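Thanks for sharing this one. Please have a look at the structure below, and then at my few points.

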Amino acid sequence: MTQDQAADIKPGEIYEDCHFHPVLCLYNDGDQIHGISLIDASSPRACSIGFCAVIKLTVDDVIAARADWPGYLERRHAEFEAECDEHTT
């Protein structure tokens with residue numbers, strides 16, 4: 001997955017929110033990004049662009065997440081922790 005600036009995510013595009021849900025973007029005002037989960041249809045899913053680690057996703061990422069949601073969550077948590085460790089060392 002590629003780390004992208006959340007400000008570049010437009011309505012209709014897919015992103016991962018700070019709870020690792022693949023989300024269809026419905027609104028981005030430059031500070032807040034809102035959408036609907038492509039896992040369980042929960043909404044509104046909202047993140048702060050300045051404080052959440054929002055990344056763009058591909059359709060393939062969403063398919064992988066839907067195929068094995070527990071495995072996807074575990075992998076993304078591990079990747080996030082590893083990235084945090086890189087920034088603190």
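1. Let me begin with the cysteines. This is a predicted model, and the disulfide count in it comes to 0. A disulfide is a covalent bond between the sulfur atoms of two cysteines, and the cut-off used here is a sulfur pair within 2.5 Å.

2. Where does the closest cysteine sulfur to Cys-18 sit? It belongs to Cys-47, and at 3.5 Å the two sulfurs are too far apart for a bond. Cys-18 itself is partly exposed, because its relative accessibility is 33%.

3. Cys-52 tells a similar story. Its closest cysteine sulfur is that of Cys-18, but the separation of 3.7 Å is too far for a bond. With 22% relative accessibility, Cys-52 also counts as partly exposed; the buried class is for values under 20%.

4. Next, the surface charge. Which residues gather in a patch of negative charge? They are Glu-81, Glu-83, Asp-85 and Glu-86, and the patch lies on the surface. Glu-81 can be placed in helix α2, which covers residues 69-88. Its relative accessibility of 45% makes Glu-81 partly exposed, since the exposed class needs a value over 50%.

5. Finally, please look at Phe-80, which is also found in helix α2. Its relative accessibility is 33%, so Phe-80 counts as partly exposed. In sequence, Phe-80 and Phe-20 are 60 residues apart, while in space their C-alpha atoms are separated by 9.8 Å.

Terms used:
Residues are numbered from 1 along each chain as its sequence is written. This is a predicted model: local features need pLDDT of at least 70, side-chain atom pairs count only at pLDDT 80 or more; totals for chains, interfaces and linings use all residues. Side-chain values use heavy atoms; hydrogens and water are left out. Buried means under 20% relative accessible area, exposed over 50%, partly exposed in between (1.4 Å probe, protein chains only). Patches are made of residues with over 30% relative accessible area and no salt bridge: like charges are joined within 9 Å, nonpolar side chains (Val, Leu, Ile, Met, Phe, Trp, Tyr) within 5 Å. Accessible areas come from the Shrake-Rupley method with a 1.4 Å probe; for residues, only the protein chains shown count as cover. A salt bridge is a side-chain nitrogen of Lys or Arg within 4 Å of a carboxyl oxygen of Asp or Glu. Lys and Arg count as positive and Asp and Glu as negative; His and the chain ends are not counted. The place of a charge is taken as NZ of Lys, CZ of Arg, CG of Asp or CD of Glu. Helices (H or I, at least four residues) and strands (E, at least two) are DSSP runs, numbered from the N terminus.
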